[in-house]
Amino acid sequence: MSRAFGALVLFESRLLLRSPVLVPLAVVMLAARTFTTWQQMPNWSIDTVDTATAAVIVGAGALLSANLAALRDAKGGFAELLTPVPSQPVVRTMAVLAAATVVSALLSTAVIAVHVASLRIGSVPVGRFDLAELAAGVVVVVLMAALGVALARWVPVLVAAPVALLVLVWSMFQFPGVWLLPVVPDLKVSVDPVRPPLWHLLYAAGLVVIALAVALLRHGPRPARLGVAVLGVVAAVLGGVLTLGSPQAGAPTASAGRGWADREVTSGAEHCTDLSGVRYCSFPTFAAWIPLWQEAIDPVVSAVPPGARDDLPRVVQRTLSGRIDAASARSTIMPDTSWGRNGGEVDSRRALAAQMAGALTGFPPVTEIQTMRGCDGRDRSRTVVALWLINQVEPAAAPERGSSQGDGGEYSAGRAKSDLGAVDYSDTELGYATRLRATPDAKTRIWSNWDELVDPDTTLARALPLLGLTADLPLQRSEGEPCR
């Protein structure tokens, strides 16, 4: 029996690796995760959860492939053809179970490992790395493989596996905060999200053992099979009770939004340090990004005259949800919980530099101006100076018009979304800022005339001679309310 069992396991494993479903879906999962995360710095607190959730794609391939492998015995006349083979139906079930669970576990582990390795390329990771989250992704793949075999034995029809797959995926995204799911995709709070304890892995492992036992019990209630079933039930019940009774279970979830709508966006940004005259405060697990922020801030600060550095804004990290204190927002620059990499850092650096440039030249803060109707910075010298300051870090970009944030989360026509928030400007201001950067004595001229250049009433006609620039670009008049 052992020799036949080993041969069957090897045979089924080779078939699974040649499956048109399992390996291709593993490639899809790896490609999709790598593509969506390639230009974003990893936050382990979220990326481990997202990776474990994405492993359901591999699990889908495992469920369907294992189900098809076990369904071969149900094909017309196939069981009779196997009669001379020295293996009983239960041995064939065990062989498919062994092959499906081992192959799917190894494949999902390899895919997760390669993806996690890709997250380290060109990155400064933050957050808490939890291996248990990634292990949950492997366990759910193994569970789905075992379910595929159990379904084939008890419901030997082709439609059973796809229906079970749809129900599982639907339940995960319909009830994402339920901790009795095999893998919990919710709680994506960007700052130290609350996650299930290690007991959840025991619960998921118990579900795997139950699925294995259910598949074997189709061949009769033998004591060993019943013992496996009892072991799985005990593990699942114990793990589930301990999970639901853990302190984490009583914490607010992201989907419920408890404690987040009324929380100030910078609450908890308590890791602070003073660098080059600027105070930086981050959430404790994001402290590694402070040097990245400094690289985007220092060139802007050093480009303004010393007198303009007396009362520099603080740089305080914020979450994407919560309330903003209007008074503190005017003296605070607020980077969020994302930062780019592998080319994506250009936008992140420009956005942070723009906030400091806008603050130093007197524009309303981004967090405030986005709640207003926006304003027009055309034909104003301080717009050119602000864009020149941004150019010290990354090239300033043209505004996106007709896409300004509205109350309902959409962007409405007639508003601009620019590096300076909802401040509109034209190619003329961008052009002069670019020329100014190439002017050798630009800093000297700007420092000598700083107060006049950042005055909201100073037009380009008055400013260009002070900057040593020629007025040869087409002037575009203000179309909206001038920025004050």
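The accessible surface of the protein comes to about 21,900 Å², and carbon and sulfur atoms hold 62% of that area. The structure is a predicted model. Of its 484 residues, 50% count as buried. The protein contains 18 helices and ten strands. Among contacts in the protein with a separation of 6 or more, 73% are between residues 24 or more positions apart.

**A nonpolar patch and helix α7**

Part of the surface is a nonpolar patch of about 570 Å², made by Trp154, Val155, Val157, Val159, Val163, Val167 and Val214. One of these residues, Val163, is placed in helix α7, which covers residues 160–174. Val163 has a relative accessibility of 42% and therefore counts as partly exposed, since that class lies between the 20% limit for buried and the 50% limit for exposed.

**Helix α6**

Helix α6 runs over residues 131–154. With 24 residues at 1.5 Å a residue, α6 should span 34 Å, and its end C-alpha atoms are 35 Å apart, which agrees. Of the 24 residues of α6, 20 are buried, so the helix is largely enclosed by the rest of the structure. At the start of α6, Asp130 places a side-chain oxygen within 3.0 Å of the backbone nitrogen of Ala132.

**Arg33 and its surroundings**

Arg33 belongs to helix α2, residues 22–37. What does the side chain of Arg33 meet in polar contacts? One partner is the side chain of Thr51, at 3.4 Å. Another is the side chain of His115, also listed at 3.4 Å. Leaving out residues up to four places away in sequence, Arg33 touches Asp47, Asp50, Thr51, Ala54 and His115. Thr51 and His115 thus appear both as polar partners of the Arg33 side chain and in its list of touching residues.

**Three buried residues**

The table sets Arg33 beside two other residues, with the element that holds each and its relative accessible area.

| Residue | Element | Relative accessible area |
|---|---|---|
| Arg33 | helix α2 (residues 22–37) | 10%, buried |
| Ala416 | strand β9 (residues 416–417) | 5%, buried |
| Leu460 | helix α18 (residues 460–467) | 2%, buried |

Ala416 is 18 residues from Ala398 in sequence, and their C-alpha atoms are 9.8 Å apart in space.

For Leu460 and Asp379, the separation in sequence is 81 residues, while the C-alpha to C-alpha distance is 5.3 Å. Asp379 is also among the contacts of Leu460. With neighbours within four places in sequence set aside, the other contacts of Leu460 are Arg380, Ser381, Val384, Thr428, Glu429, Tyr432, Pro465 and Leu475.

**Backbone angles in two loops**

Most residues other than glycine have a negative phi. Asp192 has a phi near 45°, a positive value in a residue other than glycine. Asp192 is found in the loop between α7 and α8, the latter being residues 199–217. Its relative accessibility is 27%, so Asp192 counts as partly exposed.

Ser276 likewise has a positive phi, near 55°, and is not a glycine. Where is Ser276 placed? Ser276 sits in the loop between strands β1 (271–275) and β2 (278–282).

Notes. Residues numbered from 1 in each chain as written. Predicted model: local features only at pLDDT ≥ 70, side-chain atom pairs only at ≥ 80, totals over all residues. Heavy atoms only, no water. Patch = residues over 30% accessible without salt bridge, like charges linked within 9 Å, V, L, I, M, F, W, Y side chains within 5 Å. Areas by Shrake-Rupley, 256 points an atom, 1.4 Å probe, with all protein chains shown as cover. Salt bridge = Lys/Arg side-chain N within 4 Å of Asp/Glu carboxyl O. Helix = DSSP H or I, 4+ residues; strand = E, 2+ residues; numbered from the N terminus. Buried < 20%, exposed > 50% of the residue type's maximum accessible area, 1.4 Å probe, protein only. Contact = heavy atoms within 4.5 Å. Expected span 1.5 Å × (residues − 1). Polar contact = N/O pair within 3.5 Å; in protein donor to acceptor, adjacent residues only side chain to side chain.
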